[in-house]
Every structure is written in structure tokens, then in C-alpha cells.
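Work through the exercises below with the sequence and the coordinates at hand. Each task is followed by a worked solution.

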Amino acid sequence: MTAYTATETDATLPRELLEFLPCATPESWIEAALANPALLLIDHAQCEKKAASTAMSLMFRYVDRPELLTKMSQLAREELLHFEQVVAIMQERGVDYSHLQASRYAEGLRRHVARDEPQRLIDILIVGAFIEARSCERFARLIPRLDAQLAKFYRSLVRSEGRHFEDYIGLAQRYAGAPAVAERIACFAAHERALIEDTDTHFRFHSGVPAAV
Ligand SMILES: [Fe+2]
Ligand SMILES: [Fe+2]
């Protein structure tokens, strides 16, 4: 796997998280995010809501895994709190909450999840770790370019999503062991890299390189 190329804002991110991600967010995505502040907030709100919903569906499916139940319950509550915080900022800024088609990112990763248990659970946890780690990296990359209010909010999210990344990886390793998890991470990393580095027609929080307009 090709190593992540460091950027100057990476000092704020944990080393494990940077080693986990296969590539840095392209500068062209950062530029598109700054040019589309309303779209960024709306899709961010969607992502927080989806993160809570994914955690809750795991709680329904894996009732025999006590550590998962505790971690996912805490995670779902935090994601809903983030959702409320994003919606409050949108209201303050006069951003209308409209329906948005989801980006191809999460679906593009989930498509490679094994159909059968016990591998299915491990893969879902690894996909969760990628979504959290990429979100964390994007918040960190945006912080130096944002206004004070959003920068402060994103700093708190970097800490929280970084913890969620650790929770997902920790659960996967607990249930499958570190070597087996490392093998699956390498497989998902290749897909994740393609989703981040390939051209995307719609700008979203997890979209790839923006298509030229
Ligand atoms: Fe969140
Ligand atoms: Fe999260």
C-alpha cells in the first residue's frame, strides 16, 4: 500500500489514523469545500445522522456482543449531538436543509463487505473506521481555512471522530484478531483510495476529486 503523504495540518491527527488512511484528501476537494459552504454543512448533517443510524443498526443486529452494544450506543448519542450542532449552525447561517443524494463513498466501501458472518461484522466495523478516519482528516484539513466558529466546532469533531475510529478498529480486532483485521484493512484501503482520488461529479463531504466544470 502506498503511504499517506503528510500535509502540514497532520500534526493535529493521531499517527495511527494517518497510517491507516491510504492517501491525503486532494487539495482540489478542499477548494471545492470552501467554495460550497452550504453544501458542505448540509451533507455534513446527513453524515452525522447516517453515522448514528449505522451504529444503531449494529446494536439491533449484534445483541450478543456487549462491548459493541456499549460502544455503539455511546457513538450513536455523540453523532446525534453532532447532528444537532450542525443543524444549529445551519439555522444561524440561514442554510436551508434540503434533500441531497448521498455520495458514492459509503456505498462504494460497503459494496465490498462480506455477505456471510462472522466476516460481515468485521468488514462493517472496518468500513466504519474508514468513514470516521476520513471525516477526521477532512475536518483537520479544513480547520486552518475556516472562520473561528466552524474551526472551533471542527476541532471538537476531530477529537470525537478520532475516538470513533479507534472504537471501530478496537472492536474489529477484538472479534477477529489484529492480523486478520490488517489483511481486510489493506483490501478496503485500496477501494477507499480510489473513491478519494477518482473524479466525482457531485461535491459531498466524502466525495473524490471534483469534476472540472
Ligand atoms: Fe460525528
Ligand atoms: Fe463519528
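**Exercise 1. Count the disulfides in this predicted model and account for the result.**

Step 1. A pair of cysteine sulfur atoms has to lie within 2.5 Å to qualify. Under this rule the count is 0 disulfides.

Step 2. Take Cys23: the closest cysteine sulfur belongs to Cys136 and is 15 Å away, so the distance is too far for a bond.

Step 3. Cys187 is likewise in no disulfide, since its nearest cysteine sulfur, that of Cys23, is 15 Å away.

Step 4. Buried means under 20% relative accessible area, and exposed means over 50%. Cys23 has 2% relative accessibility and therefore counts as buried. Cys187, at 28%, counts as partly exposed.

**Exercise 2. Identify the protein donors of the iron ion (ligand 1) and state the geometry of its site.**

Step 1. The donors are Glu48 (OE), Glu79 (OE), His82 (ND1) and Glu161 (OE), at 2.0 to 2.2 Å from the ion.

Step 2. Four donors count as tetrahedral if all angles lie between 85 and 135 degrees. The angles among the 4 donor atoms of the iron ion (ligand 1) run from 91 to 134°, and the site is tetrahedral.

Step 3. Along the chain, the donors of the iron ion (ligand 1) have the spacing E-x30-E-x2-H-x78-E. Glu48 belongs to helix 3 (residues 37-61) and Glu79 to helix 4 (residues 66-92), so this pair ties together parts 31 residues apart in sequence.

Step 4. Glu48 and Glu79 are both buried.

**Exercise 3. Describe the coordination of the iron ion (ligand 2) and find which residue bridges it to the iron ion (ligand 1).**

Step 1. The coordinating atoms come from Glu79 (OE), Glu132 (OE), Glu132 (OE), Glu161 (OE) and His164 (ND1), at 1.9 to 2.5 Å. Glu132 is thus listed with two OE entries.

Step 2. The donor residues of the iron ion (ligand 2) follow the sequence spacing E-x52-E-x28-E-x2-H.

Step 3. The bridging residue is Glu79, and the two ions, the iron ion (ligand 2) and the iron ion (ligand 1), lie 3.6 Å apart. Glu79 in helix 4 and Glu161 in helix 7 (residues 148-176) form a pair that links distant parts of the chain, 82 residues apart.

Step 4. The accessibility of these two residues completes the solution. Glu79 has 1% relative accessibility and so counts as buried. Glu161, at 3%, also counts as buried.

Conventions
Residues numbered from 1 in each chain as written. Chains lettered and ligands numbered in written order. Predicted model: local features only at pLDDT ≥ 70, side-chain atom pairs only at ≥ 80, totals over all residues. Heavy atoms only, no water. Donors = N, O, S within 2.8 Å, 3.2 Å for Na, K, Ca; no water. Tetrahedral: all angles 85-135°; square planar, octahedral: opposite > 155°, others 65-115°. Helix = DSSP H or I, 4+ residues; strand = E, 2+ residues; numbered from the N terminus. Buried < 20%, exposed > 50% of the residue type's maximum accessible area, 1.4 Å probe, protein only.
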